[in-house]
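Dear colleague,

Please find below the structure that I am handing over to you. My notes on it follow directly after.

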Amino acid sequence: MKTTRTTTRRHLTVLITEGNFNLTQIANQRSTLQLLTDLSLPHVTINGMDPTQRERRNELFDISGIRGNYPQIFVSSEQFLTEGNGNGGEERAVLQESRDEYLGGYEWFESCDLDELKAMLVMSEDSDNHVNQPDDDGLTDSNANDEHKDQVEIHSGEAMDEDQRRIVK
């Protein structure tokens with residue numbers, strides 16, 4: 001029997017620039033990134049000066065309505081649809097939707113409730129939706145195993161590989 005499951009993964013996206021000459025903004029960027037790492041909050045850093053990230057930077061500028069002020073902090077949500085064969089075998093996750101919401105800059109981060117921020121980043125998973133479709137053997141199984149659940153990895157400041165970067169973009 002085929003199964004489908006919707007999983008929502010959330011992380012912070014921090015827009016910075018490595019070409020900043022404003023000492024206050026440099027200090028605020030460092031403090032923000034250090035605190036996120038110290039608290040093990042899942043986040044992705046976008047360098048506004050990197051030509052390969054220019055399109056993503058402009059998307060974030062459009063959302064915040066602010067240019068040239070760093071850091072900018074967003075909560076990013078990605079919704080995945082996972083399809084499987086229902087017996088713990090191979091599953092495939094497909095990105096269905098990606099959304100960003102502007103939270104604020106350094107001043108906002110400095111004064112926000114960190115417990116609320118952590119709660120906002122908790123991954124959610126809908127219950128399995130079973131679809132009666134024949135398995136590879138052509139038979140329909142009405143007794144699917146509900147115990148098998150995939151774990152979606154959330155990155156806590158670790159370097160991301162190329163596949164993960166593509167998902168974030």
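A residue is called buried here when its relative accessible area is under 20%. Arg5 has a relative accessible area of 2% and is therefore buried. Please note that this is a predicted model.

Arg5 is found in strand β1. Its C-alpha atom lies 8.1 Å from that of Phe80, although the two residues are 75 positions apart in sequence.

Overall organisation

The chain comprises five helices and six strands. Read from the N terminus, the order of the elements is β-α-β-α-β-β-α-α-β-β-α. There are 169 residues in the chain, of which 37% count as buried. Among the contacts with a separation of 6 or more, 73% are between residues 24 or more positions apart.

Helix α1 and the loop after it

Helix α1 covers residues 23-38. Its 16 residues should span 22 Å at 1.5 Å a residue, and the end C-alpha atoms are indeed 22 Å apart, which agrees. At the N-terminal end, Asn22 acts as a cap of α1, with a side-chain oxygen 2.9 Å from the backbone nitrogen of Thr24.

Which residues of α1 are buried? They are Gln25, Ile26, Asn28, Gln29, Thr32 and Leu36. Seen down the axis of α1, these buried residues fall within an arc of 165°, so they line one face of the helix. Their packing partners are β1 (2-16), β2 (43-47), β3 (72-84) and α3 (106-111). The face turned away from the buried side of α1 carries Leu23, Thr24, Arg30 and Asp38, which are exposed.

Just after α1, Ser40 takes a positive phi of about 55°. Ser40 is found in the loop between α1 and β2, and with a relative accessibility of 46% it counts as partly exposed. As background, most residues other than glycine have a negative phi, and most peptide bonds are trans. Ser40 is a residue other than glycine, and its phi is positive.

A cis peptide bond and an aromatic pair

The peptide bond that joins Tyr70 and Pro71 is cis, with omega at about -5°. Pro71 lies in the loop between α2 and β3.

Tyr70 also takes part in an aromatic pair. A search of the whole structure finds three aromatic pairs. In the pair formed by Phe61 and Tyr70, the ring centres are 6.3 Å apart and the planes are at 55°, so the pair is tilted. Both Phe61 and Tyr70 are buried.

Salt bridges

The count of salt bridges comes to four. Two that involve Arg56 are described next, followed by one between Glu97 and Arg99.

Arg56 forms a salt bridge with Glu59, in which the closest N and O atoms are 3.3 Å apart. Both residues lie in helix α2 (residues 54-64), three residues apart, or about one turn of the helix. An α-helix has 3.6 residues a turn, so residues three or four places apart point the same way. How do the two partners compare in accessibility, buried or partly exposed? Arg56 has a relative accessible area of 7% and is buried, whereas Glu59, at 34%, counts as partly exposed.

Arg56 also meets Asp100 in a salt bridge, with an N to O distance of 2.7 Å. Arg56 lies in helix α2 and Asp100 in strand β4 (residues 91-104), so this pair ties together parts that are 44 residues apart in sequence. Asp100 is buried, as is Arg56.

The side chains of Glu97 and Arg99 meet in a further salt bridge, with 3.4 Å from N to O. Glu97 is partly exposed, with a relative accessible area of 35%, while Arg99, at 51%, counts as exposed. Through shared partners, salt bridges join Arg56, Glu59 and Asp100 into one network.

In summary, α1 has its buried residues on one face, Tyr70 and Pro71 are joined by a cis peptide bond, and Arg56 has salt bridges with Glu59 and with Asp100.

With kind regards

Technical notes: Residues are numbered from 1 along each chain as its sequence is written. This is a predicted model: local features need pLDDT of at least 70, side-chain atom pairs count only at pLDDT 80 or more; totals for chains, interfaces and linings use all residues. Side-chain values use heavy atoms; hydrogens and water are left out. Rings of Phe, Tyr and Trp (its six-membered ring) pair if their centres lie within 6.5 Å; planes under 30 degrees apart count as stacked, over 60 as edge-to-face and the rest as tilted. Buried means under 20% relative accessible area, exposed over 50%, partly exposed in between (1.4 Å probe, protein chains only). Helices (H or I, at least four residues) and strands (E, at least two) are DSSP runs, numbered from the N terminus. The expected span of a helix is 1.5 Å times one less than its number of residues. The arc is that of the directions from the helix axis to the C-beta atoms. Contact means heavy atoms within 4.5 Å. A polar contact is a pair of N or O atoms within 3.5 Å; within protein, one must be able to donate a hydrogen and the other to accept it, and residues adjacent in sequence count only if both atoms are side-chain atoms.
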